[in-house]
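Trainee: Could we take a close look at one aspect of this predicted model? I should like a connected account of the salt bridges and of the surroundings of the residues that form them.

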Amino acid sequence: MPCQSPCDDGAPSARRRRWLPLYVLGALLCLAIPEAMAHGVAAGDQGFIQESSGVMPLPFAYLGAKHMLTGYDHLLFLFGVIFFLYRLRDVGLYVTLFALGHSVTLLLGVLLEIRVSAYLIDAIIGFSVVYKALDNLGAFQRWFGCQPDTRAATLVFGLIHGFGLATKILDYRIAADGLVANLLAFNLGVEIGQLLALGAILIAMGYWRRSARFWRHAYTANVAMLSTGFLLMGYQLTGLFLSQ
């Protein structure tokens with residue numbers, strides 16, 4: 001259910017105006033840390049991937065879980081997806097679609113060595129955040145008079161998110177020895193990390209939804225998510241142009 005815009009109940013309140021700069025500041029702080037950018041891999045993890053050989057399921061599962069728990073681009077999109085989902089059945093459906101797409105392109109991207117510019121992929125991932133924020137704000141219904149298929153969109157963006165990490169793994173030249181087993185372990189770790197993050201998000205959302213402040217701040221939260229998505233897109237597109 002899309003949230004209401006400020007015009008639905010008059011001019012934005014002073015409280016909303018106070019919150020918006022804090023959300024935007026948080027987004028800017030994220031962008032100011034290069035290591036925290038979308039799909040970045042820590043130097044130690046990068047060295048491990050490059051030097052590892054043979055089947056090592058536990059370390060790769062750990063790396064997968066760590067990537068998801070620190071991959072704020074994934075978590076921000078996931079947060080947008082479940083923002084207005086109240087039934088666990090619906091949450092499970094959308095998260096499964098996202099996980100399915102993410103898993104398919106992660107595995108196939110590495111195994112088939114499908115190389116795509118990491119900047120371009122991460123810019124599209126930023127766009128996925130923009131898209132979901134606009135969807136939550138009801139923008140498509142107001143602008144075009146129709147509602148896109150949110151399930152199909154979640155699956156498609158899941159496919160794109162999977163390519164994001166696949167491009168990084170290819171850049172780090174993971175060893176062929178034990179490749180399939182290590183990739184499956186890594187992907188399992190990603191899904192475990194996603195479930196852990198989802199649990200924390202659902203608990204926080206549950207408390208937030210019980211308060212009167214939820215509907216007052218729902219619009220502001222999605223505008224902040226929209227702004228962050230645009231910032232992510234701009235950062236990655238700038239990197240793409242400068243890398244040419």
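Mentor: Arg-151 is partly exposed, with a relative accessible area of 46%. Its salt-bridge partner is Asp-149, and the closest N and O atoms of this pair lie 3.9 Å apart. That separation qualifies because the criterion asks for a side-chain nitrogen of Lys or Arg within 4 Å of a carboxyl oxygen of Asp or Glu. Asp-149 is likewise partly exposed, at a relative accessible area of 44%. As a general point, side chains of opposite charge can pair when their charged atoms come close.

This pair belongs to a set of three salt bridges in the predicted structure. Another member joins Asp-135 to Lys-132, with 2.8 Å between the closest N and O atoms. Both residues lie in helix H6, which spans residues 118-136, and because they are three residues apart there, about one helical turn separates them. Here the surroundings are buried: Asp-135 has a relative accessibility of 5%, and Lys-132 has one of 8%. Each residue is classed as buried because the limit for that class is under 20% relative accessible area.

The remaining salt bridge links Asp-90 with Arg-87, the closest N and O atoms being 3.0 Å apart. Arg-87 is partly exposed, with a relative accessible area of 47%. This value falls in the partly exposed class because exposed requires over 50%.

To draw the account together, the salt bridge between Asp-135 and Lys-132 sits within helix H6, with Asp-135 buried and Lys-132 buried, whereas Asp-149 and Arg-151 are partly exposed.

Notes
Residues numbered from 1 in each chain as written. Predicted model: local features only at pLDDT ≥ 70, side-chain atom pairs only at ≥ 80, totals over all residues. Heavy atoms only, no water. Buried < 20%, exposed > 50% of the residue type's maximum accessible area, 1.4 Å probe, protein only. Helix = DSSP H or I, 4+ residues; strand = E, 2+ residues; numbered from the N terminus.
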